[in-house]
Amino acid sequence: MPPERLRQQLDTNVVGAVAVTQAFLPQLRRSRGRIVNISSGLGSVAIPYLGGYATGQFAKEGMSDALRRELRPFGVSVSVVKPGAIATPIWDKVREAGEEILNKAPEDIAGLYRASFEQFLRMNEQRAQSSNTRPEDFARTVFRALTAPRPRTRYCVGTDAWTAARLSRLLPDAALDRGLSTVTKGR
């Protein structure tokens, strides 16, 4: 991933969320309001080939943790909603962006990753399109996070997000690495 693509990813997923939050902080403190940030199942486990996206989601998780602790004295709660894969048109964009990055990479670099990366893009899109998690599930969870009398710090949406969150807490890094090594096979 070129550095300018990573900057765009972080500006969109982290810096933008911080800017919006800062703009509303005076009202949130006065009203003892609530912040609900949308992260991803990839905010728990970074999988190969989605490192730039996962970096942004990990950063958003860290920012949310810090905000929750900093704003607690003001009665402002901060929750994170972590959806897994949901069958939406976003997956076409993921595939297109991945293909574009691969095609723009120098051939000596692209050649190292082409087979496993293309296999990953196909598998990732198929997994997302076959997901049982629906946009309505996500919407219900966001509503719950916004209206719960005692909001939780994290809400997972979908089996894959729930599984990633649990595995990241239970398994040592080496075990996760071994499990995810299948993604990079085929080189």
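Setting aside neighbours within four places in sequence, Ala145 is in contact with Arg34, Val36, Val81, Pro151 and Tyr155, where contact means heavy atoms within 4.5 Å. This is a predicted model, in which local features need pLDDT of at least 70 and side-chain atom pairs count only at pLDDT 80 or more, while totals for chains, interfaces and linings use all residues. Residues are numbered from 1 along each chain as its sequence is written, and side-chain values use heavy atoms, with hydrogens and water left out.

## Ala145 and two other buried residues

Ala145 is placed in helix 5 (residues 135-147). Helices (H or I, at least four residues) and strands (E, at least two) are DSSP runs, numbered from the N terminus. Ala145 counts as buried because its relative accessibility is 0%. Buried means under 20% relative accessible area, exposed means over 50%, and partly exposed is in between (1.4 Å probe, protein chains only). Ala145 and Val80 lie 65 residues apart in sequence, and their C-alpha atoms are 8.2 Å apart in space.

Thr21 belongs to helix 1. With a relative accessible area of 8%, Thr21 is buried. Apart from its neighbours within four places in sequence, Thr21 is in contact with Ile35, Asn37 and Leu67.

Gln57 is part of helix 2. Its relative accessible area is 1%, so Gln57 is buried. Not counting residues up to four places away in sequence, Gln57 touches Asn13, Ile38, Ser39, Ser40, Leu42 and Gly43.

## How helices meet

The axes of helix 1 (residues 3-31) and helix 2 come within 8 Å of each other and cross at roughly 20°. Axes are lines fitted to C-alpha atoms, for helices over the stretch in contact, and angles run from 0 to 180 degrees between N-to-C directions. Helix 1 and helix 2 are therefore roughly parallel to each other. Angles under 35 degrees count as roughly parallel, over 145 as roughly antiparallel, 65 to 115 as roughly perpendicular and the rest as oblique. The crossing of helix 1 and helix 2 is right-handed. A crossing is right-handed if the near helix is turned clockwise from the far one by less than a right angle, and left-handed if anticlockwise. Residues of helix 1 that meet helix 2 include Leu6, Asn13, Thr21 and Arg29, and those they meet in helix 2 include Gly52, Gln57, Leu67 and Leu71.

Helix 3 (residues 90-104) and helix 4 have axes that come within 10 Å and cross at roughly 175°. Helix 3 and helix 4 are therefore roughly antiparallel to each other. Among the residues that meet here are Trp91, Arg95 and Leu102 in helix 3, and Ala110, Phe117 and Gln129 in helix 4.

## Aromatic rings

A pair of aromatic rings is described by the distance of the centres and the angle of the planes. Rings of Phe, Tyr and Trp (its six-membered ring) pair if their centres lie within 6.5 Å; planes under 30 degrees apart count as stacked, over 60 as edge-to-face and the rest as tilted. A search of the whole structure finds three aromatic pairs, and the table lists two pairs that involve Tyr49.

| Pair | Type | Centre to centre | Angle between planes |
|---|---|---|---|
| Tyr49 and Tyr113 | edge-to-face | 6.4 Å | 90° |
| Tyr49 and Phe120 | tilted | 5.6 Å | 50° |

The pair of Tyr49 and Tyr113 links distant parts of the chain, with Tyr49 in the loop between strand 1 (34-38) and helix 2 (51-71) and Tyr113 in helix 4 (residues 107-129), 64 residues apart. The pair of Tyr49 and Phe120 also links distant parts, since Phe120 is in helix 4, 71 residues from Tyr49. Tyr49 is partly exposed, at 23% relative accessibility, and Tyr113 is partly exposed at 35%. Phe120 is buried, with a relative accessible area of 2%. Ring pairs link Tyr49, Tyr113, Phe117 and Phe120 into a cluster.

Another ring has a charge over it: Arg29 lies over the face of Phe74, at 5.7 Å from the ring centre. A charge sits over a ring if NZ of Lys or CZ of Arg is within 6 Å of the ring centre and within 35 degrees of the ring normal.

## Positive phi values

Most residues other than glycine have a negative phi. Arg32 is not a glycine, yet has a positive phi of about 55°. Arg32 is found in the loop between helix 1 and strand 1, and is exposed, with a relative accessible area of 56%. Tyr49 also has a positive phi, near 75°, and is a residue other than glycine.
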